[in-house]
Amino acid sequence: MNPILKAENLSHVYGVGTPFEKVAIDNINLEIHENEFIGVIGRTGSGKSTLIQHLNGILRPSSGTLYYDGEDCWAKGFSRNALRFNVGLVFQYPEYQLFEETVEKDIAFGPKNMGLTQNEIEKRVAESLRFVGLDDSVRTASPFELSGGQKRRVAIAGIMAMDPKVLILDEPTAGLDPRGRDEILNKIADYRVEKKSTVILVSHNMEDISRVCSKVLVMKDSRVEMFAPVNEVFERSSELCAMGLNVPQVTRIFLSLKEKGFDVPTSIYTPKQACDAVMKLMGGGER
């Protein structure tokens, strides 16, 4: 299967030729396929945000090539506007980017700029509100009168309304309480299944990554350090910790048990796996 997004020797340098020159991403090679749910992790400054801004054409690479559906995104004649409709990017704290007088107008902004008919725009607004779990009654409300969590959902709905083939979210649960975080993650996961889209989730929360993602991309010092299925990445939890990254809380518990001499696996990253491992240790088999 051909990748929907492919980075080939992708690099980006800020402030070239100045005292502030900095390599943000360095020789990135990766392939992202349809319907994948990819988590992106790494310490602050590792290159995560720069990478995702390349994936929808906001930034032009200093060197290397980005392909969307097999086409060079910076080749002459390639429509980067179309790329940004197909690869939707939700920035961190997107509620600060709301600007229209009503929720409906804010969500409709993207579809309207795509040149869609009014009927199609209204259909997409309604569908996007459903995807983020907001009642239709908020359509005529000012987005600035909503709660913080509701504003976040409206901003995400505005990107979903463009029906992107790839949805990228930069820390979509930052600043939310546990309930709000779980609700938004569940809505994003449901959206991916229903739309059969690719989702890329940047997060510092390893519980979020382990719960919803199928693959994890680990950034370190502007490079891709790991890119593998979630279980394979968290099997290398000691390496992640050595990089200064968190691992799921349940993984930390099993690492501690291992250090204390208990014969337990250190690749545990979900509560279900933890329960099965403890039952096996006690001789009760898996539940």
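User: Why is Val278 called partly exposed?

Analyst: Welcome! This is a predicted model, and the label comes from a computed value. Val278 has a relative accessible area of 34%. Partly exposed covers the range between under 20%, which is buried, and over 50%, which is exposed, so Val278, at 34%, belongs to that middle class.

User: Where does Val278 sit, and which patch does it help to make?

Analyst: Val278 is in helix H11, which covers residues 271-281. Together with Phe262, Leu281 and Met282, Val278 makes a nonpolar surface patch of about 400 Å². A patch takes residues with over 30% relative accessible area, and Val278 passes that cut-off with its 34%.

User: How do you know how many disulfides there are?

Analyst: A search of the whole structure finds 0 disulfides. Cys241 makes a good example: the closest cysteine sulfur to its own is in Cys213, 18 Å away. A disulfide needs the two sulfur atoms within 2.5 Å, so 18 Å is too far for a bond.

User: What makes Cys241 and Cys275 buried, partly exposed or exposed?

Analyst: Their relative accessibility decides. Cys241 has 36% and Cys275 has 29%. The partly exposed class runs between the 20% and 50% limits, so Cys241 counts as partly exposed, and Cys275 counts as partly exposed.

User: What makes helix H1 mostly covered?

Analyst: In helix H1, residues 48-55, 7 of the 8 residues are buried. They are Lys48, Thr50, Leu51, Ile52, Gln53, His54 and Leu55. Just after H1 comes Gly57, with a positive phi of about 80°.

User: Which residues touch the most other members of the largest nonpolar core?

Analyst: Val218 and Leu240 do, in a core of 50 residues. Helix H5, residues 148-160, gives the most to this core, with 6 residues. Apart from this core lies another, of 26 residues, including Ala7, Leu30, Leu89 and Leu217. As a general point, nonpolar side chains in soluble globular proteins tend to be buried together.

User: Which residues does Leu240 contact, leaving aside its neighbours within four places in sequence?

Analyst: With those neighbours set aside, Leu240 is in contact with Ile41, Val218, Met226, Val233, Phe234, Leu245 and Val247.

User: Is Ser197 buried or exposed, and how do you know?

Analyst: The relative accessible area of Ser197 is 2%. Buried means under 20%, so Ser197 is buried. Ser197 is found in the loop between helix H6 (178-195) and strand S8 (198-202). Leaving aside neighbours within four places in sequence, Ser197 contacts Asn35, Glu36, Pro164, Lys165, Tyr191 and Arg192.

User: Why are Lys215 and Glu36 said to meet in a salt bridge?

Analyst: In general, side chains of opposite charge can pair when their charged atoms come close. For Lys215 and Glu36, the N to O distance is 3.5 Å. The cut-off is within 4 Å, so this pair qualifies as a salt bridge.

User: What does the pair of Lys215 and Glu36 tie together?

Analyst: Lys215 lies in strand S9 (residues 215-220), while Glu36 lies in the loop between strand S2 (22-32) and strand S3 (37-42), so the pair ties together parts that are 179 residues apart in sequence. Both Lys215 and Glu36 are buried.

User: What makes Glu120 and Arg124 a salt bridge, and where do they lie?

Analyst: Their closest N and O atoms are 3.0 Å apart, and the limit is 4 Å, so the pair counts as a salt bridge. Both lie in helix H4 (residues 118-131), 4 residues apart, about one turn of the helix. Glu120 counts as partly exposed at 25% relative accessibility, whereas Arg124 counts as buried at 13%.

User: How many salt bridges does the structure hold?

Analyst: The structure holds 17 salt bridges. One of them pairs Arg181 with Asp208, the closest N and O atoms being 3.2 Å apart. This pair links distant parts of the chain, with Arg181 in helix H6 and Asp208 in helix H7 (residues 206-212), 27 residues apart. Arg181 and Asp208 are both buried. Elsewhere, Glu104, Asp136 and Arg139 are linked in a network of salt bridges.

Note on methods: Residues numbered from 1 in each chain as written. Predicted model: local features only at pLDDT ≥ 70, side-chain atom pairs only at ≥ 80, totals over all residues. Heavy atoms only, no water. Patch = residues over 30% accessible without salt bridge, like charges linked within 9 Å, V, L, I, M, F, W, Y side chains within 5 Å. Areas by Shrake-Rupley, 256 points an atom, 1.4 Å probe, with all protein chains shown as cover. Salt bridge = Lys/Arg side-chain N within 4 Å of Asp/Glu carboxyl O. Helix = DSSP H or I, 4+ residues; strand = E, 2+ residues; numbered from the N terminus. Buried < 20%, exposed > 50% of the residue type's maximum accessible area, 1.4 Å probe, protein only. Core = buried A, V, L, I, M, F, W, Y, C linked by side-chain atoms within 4.5 Å. Contact = heavy atoms within 4.5 Å.
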